[in-house]
Amino acid sequence: MTDAGENTEYDVVVIGAGPVGENVADRTRAAGLSTAVVESELIGGECSYWACMPSKALLRPVVARADARRVPGLSAAVEGPLDADAVLAHRDWMTSHWKDDGQVAWLEGIGADIYRGKGRLTGTRTVSVTAPDGTQKQLTARHAVAVCTGSRAVVPALPGIADVRPWTSREATSAKEVPGRLVVVGGGVVGVEMATVWQGLGSQVTMLIRGRRLLPKMEPFAGELVAEALTEAGTRILTGVSATAARRAGKDGPVTVELDNGEQLETDEILFATGRAPRTDDLGLDTVGLKPGSWLAVDDSCLVEGSDWLYAVGDVNHRALLTHQGKYQARIAGAAIAARAQKTPLLETDPWGAHAATADHAAVPQVVFTDPEASSVGLTLAEAEAAGHRVRAVDHDLAAVAGSGLYAKGYKGRARMVVDLDREILLGVTFVGPGIGELLHSATIAVAGEVPIDRLWHAVPAYPTISEIWLRLLETYRS
């Protein structure tokens, strides 16, 4: 760890040491640039301790049991409840028990200097760090400052909400025991995944959805299939409703939730999965002419618009709020920072070049780890039509391929590819069904690579796998 007596001038200063900040530092260090990383919480960030890793550790046994229950000869052996204590203990192990020693060792191993404390811009290429003991240090960047502070969950300002102590994604992924009853507000990715987790571990779950369907940013059938499975598992899903107030009885008593339709619900905990806000409110943006608390608009190299030294990478730029997409941006931004520092011309004219995060616009992949899994990359049919493309949606029943029948009895799933009819390439692909998360990367390659339909005919899927859905989609398109 860096102490107060060491050099405070660096080529690059990174504020935020989550996966995004770590990857920026990795790329700038690989290019030979001295790099300081500032972090006020745990090195490794939201993904490692309160999002991707703990949530997927909690989801895996729930989904694995659901899969096993659909396999003849195995189903009877997994009819009992999950061992919730063992699931939570494994979650704790996957988060390194909320200790960041391993992540610290990795950052130090690449030669980055770590500063523990609150990082704040104080002017052009300058960052102040307020350590936990209150001492301050000023860091200066010769070439670039990268803001990688991520986002935080938003809780609506409902009457009584402060006394309720509601869950956000952090509490939902780090809870130490299973609540008897849980209300989940929101039907996006966090909402459906956490409903899946806690329903599977024994909670009585009710979901409150302001709109009419789950997963509203995906193809409509994705939310429909996930809702059907959640309902079959015992989750109550209320659509077209909003919470208007909440109150808790005593310090740890039940929570009463009031709805805009006049109904009241009693629950033990309430989770708000209703959106994210950028962690930029206390970052000193006003010292460089930017608005505190705002999302930071950037170009495709993640350089903040109007600046020649300030980068915003990951959630803070609001391009694609996904860990893997933020890490992709970090690799692009790190390469661009190094190129500019070395006065190497950027490949700015190449939309798929080393210094352009083009996938943010054209090929963002996502897997929702529910039962069934829902995955997508690129544009939905509605998005493609709204963008003015001449397109055709090609749908197929995933249960119609031999691999799905072998995977599970009574398999339910659906696939869609959105074809650009003028260029005969894929603009988007969606799969929904058990075990399809690992199928998505094939679609990502097809979309990002703009692989022509005629060439995809020569990508032969192995038999009998679920991947044979590719052949069925292509056959349907040609027919």
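**Exercise 1. Describe where Pro434 lies and what surrounds it.**

Solution. Start with the chain: Pro434 belongs to the loop that links β21 (425–433) to α14 (440–448), where helices (H or I, at least four residues) and strands (E, at least two) are DSSP runs, numbered from the N terminus. The model is predicted, so local features need pLDDT of at least 70 and side-chain atom pairs count only at pLDDT 80 or more, while totals for chains, interfaces and linings use all residues. Residues are numbered from 1 along each chain as its sequence is written, and side-chain values use heavy atoms, with hydrogens and water left out.

Next, take the accessibility: Pro434 has a relative accessible area of 4% and is therefore buried, a word that means under 20% relative accessible area, with exposed meaning over 50% and partly exposed in between (1.4 Å probe, protein chains only).

Then list the neighbours. Leaving aside residues within four places in sequence, the contacts of Pro434 include Asp67, Arg70, Pro372, Tyr407 and Ile466, contact being heavy atoms within 4.5 Å. Finally, Ser404 is 30 residues from Pro434 in sequence, and the C-alpha atoms of the two are 8.4 Å apart in space.

**Exercise 2. Work out the strand order of the open sheet of five strands, and find what lies across it.**

Solution. The order is β17-β18-β21-β20-β19, and the pairing is antiparallel; two strands pair if DSSP finds at least two bridges between them. The edges are β17 (365–368) and β19 (391–397), each of which pairs on one side only. On average, and with direction ignored, neighbouring strands here are turned by 10° against each other.

Looking at one edge in detail, β17 pairs with β18 (residues 373–378) over four bridges in the antiparallel sense, and Pro365 has Val377 of β18 as its bridge partner. The loop between β17 and β18 holds Pro372, and the peptide bond from Asp371 to Pro372 is cis, with omega near 5°.

At the other edge, helix α16 (residues 469–478) lies across β19, β20 (414–420) and β21, and runs at about 130° to β19; axes are lines fitted to C-alpha atoms, for helices over the stretch in contact, and angles run from 0 to 180 degrees between N-to-C directions. In the loop between α15 (453–456) and α16 sits Pro464, whose peptide bond from Tyr463 is also cis, with omega near 0°.

**Exercise 3. Which of His97 and Leu215 is buried, and which is partly exposed?**

Solution. Begin with the backbone: His97 has a positive phi of about 55° although it is not a glycine, and Leu215, likewise not a glycine, has a positive phi of about 45°. His97 is in the loop between α4 (84–94) and α5 (101–109), whereas Leu215 is in the loop between β9 (204–209) and α9 (220–233). The relative accessible area of His97 is 46%, so His97 is partly exposed; that of Leu215 is 3%, so Leu215 is buried.

**Exercise 4. How many disulfides does a search of the whole structure find?**

Solution. The search finds zero disulfides, a disulfide being a pair of cysteine sulfur atoms within 2.5 Å. Cys148 shows this for one residue, as the nearest cysteine sulfur, that of Cys302, is 8.8 Å away. Cys148 counts as buried because its relative accessibility is 7%, and Cys47 is buried with a relative accessible area of 12%.
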